[in-house]
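Please go through this structure with me in a few short questions and answers. The topics are one helix and one sheet.

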Amino acid sequence: MSKRKAPDNSDNLNRDLSDFLIELANYERNVSKNVYKYNAYRKAASTLASLSYRIKSGDEAKKLPGIGDKIAKKIDEFLQTGKLQKLEKINADGITAPINLLTRVSGIGPAKAKELVDAGIKTLNDLKENEDKLNRHQKIGLKYFDDFEKKIPREEVQRIETFLNASLSDSDPRYIVTICGSYRRGKAESGDIDVLIAHPSYTSSDSDGKKKGLNMLKSIIEHLEQKELIVETISMGGSKFMGVCRDPTGINKFFRRLDIRLAPKDHYYCAVLYFTGSDLFNKNMRAHALQKKFTLNEYTLKHLTVEGIPGEAETINSEEDIFKKLGLPYKKPEERNS
Ligand code: 8GT
Ligand code: MN
Ligand code: MN
């Protein structure tokens, strides 16, 4: 995955407001560790960012979903003074700013960032001098810090998609390849590239499925290294690869974060849905599933008994099937951005 960030629509008329809410959200996530407040600030920021008009007061904002008294007050303070006391204080505490900086390194989460800052490591230079305190992922995150912060234009993802399809079908034409994430949701730019792969010969009922999946994923990765698309491996689990790639046409020179997942064919549509996101959309959909006595994850959709025990996996032959079984109107990927 890539780091959660501010809503990025360029014509955001409330940019200053959504920015300060995201700053507050990051503080709650990275420093206070209050997930509830983190989500509340993020939701409010995303609501304001999606408006087609400029918010003029806290009272006006309060009519919107997810904006209550406290956030409305902050909006008023910001509109009247151009700043926020709370943020001024946070930014002066000597801890929050470096923690926020370090969490921008791929692989460094809030807990690790705090540990580093407590040890006096507060800048990227400090990190370089203390590489022994970093794991493989974090080292790669540091090495490509600037590149990983750059957004990937849609045309570049398209080029990589074409290249991937060609390279994989050249090793086996039956591979099914889908680029998910923000790209599939129609975004003009992405933070990373999320590739989902399946193959008709690999299903969850295979007796030695785990081994088969891992071997298949390994051979895919080796092939893509040979083709000089993949340049580094961050981690490689049973069904999940995290690494670094490069635009194989050479048009764009930046190093990009690449996630590849291999799904058993019968789990494919649940995997597509999950891997397309957005993560907020997934959360809402899973909550809705629970209300309908289903449990939904990246693998399967299952009915829950009255005791809350999951039954057999439903047969799913499309993303539409999942929505239908949950009694929801189908949403196209472009409609899943919040
Ligand atoms: P992006 O352009 O910033 O990459 O936006 P994105 O494509 O929507 O975000 P992502 O972080 O690449 O995640 C894409 C989907 O992958 C998410 O919707 C989520 O369901 C799934 N996902 C993973 N791993 C993780 C994870 O560790 N955390 C989160 N939040 N989501 C994850 O595959
Ligand atoms: Mn990702
Ligand atoms: Mn992504």
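Q: Which residue just after helix 14 takes a positive phi?
A: In this predicted model, helix 14 covers residues 268-276. Just after this helix, phi is positive, at about 70°, and the residue is Gly277.

Q: How many of the residues of helix 14 are buried?
A: Buried here means under 20% relative accessible area. Tyr268, Cys270, Ala271 and Val272 are among the residues of helix 14 that meet this, as are Leu273, Phe275 and Thr276. The helix is mostly covered, and the count is 7 of 9.

Q: Which strands are the edge strands of the open sheet?
A: The open sheet has 5 strands with mixed pairing, in the order 2-4-7-6-5. An edge strand pairs on one side only. This applies to strand 2 (176-179) and strand 5.

Q: In what sense do strand 5 and strand 6 pair?
A: A hairpin of 3 residues joins strand 5 to strand 6. Ile230 stands opposite Cys245 in strand 6. Over 5 bridges, residues 230-236 and 240-246 pair in a sense that is antiparallel.

Q: Which residue in strand 4 stands opposite Val177?
A: Strand 2 pairs with strand 4 (residues 193-198) in the antiparallel sense, over 4 bridges. Opposite Val177 in strand 4 stands Ile197.

Q: What angle does the direction of helix 11 make with that of strand 2?
A: Helix 11 (residues 154-171) packs on the sheet. Its contacts there are with strand 2, strand 4, strand 6 and strand 7 (255-262). Between its direction and that of strand 2 the angle is about 170°.

Technical notes: Residues are numbered from 1 along each chain as its sequence is written. Chains are lettered from A and ligands numbered from 1 in the order in which they are written. This is a predicted model: local features need pLDDT of at least 70, side-chain atom pairs count only at pLDDT 80 or more; totals for chains, interfaces and linings use all residues. Side-chain values use heavy atoms; hydrogens and water are left out. Two strands pair if DSSP finds at least two bridges between them. Helices (H or I, at least four residues) and strands (E, at least two) are DSSP runs, numbered from the N terminus. Buried means under 20% relative accessible area, exposed over 50%, partly exposed in between (1.4 Å probe, protein chains only). Contact means heavy atoms within 4.5 Å. Axes are lines fitted to C-alpha atoms, for helices over the stretch in contact, and angles run from 0 to 180 degrees between N-to-C directions.
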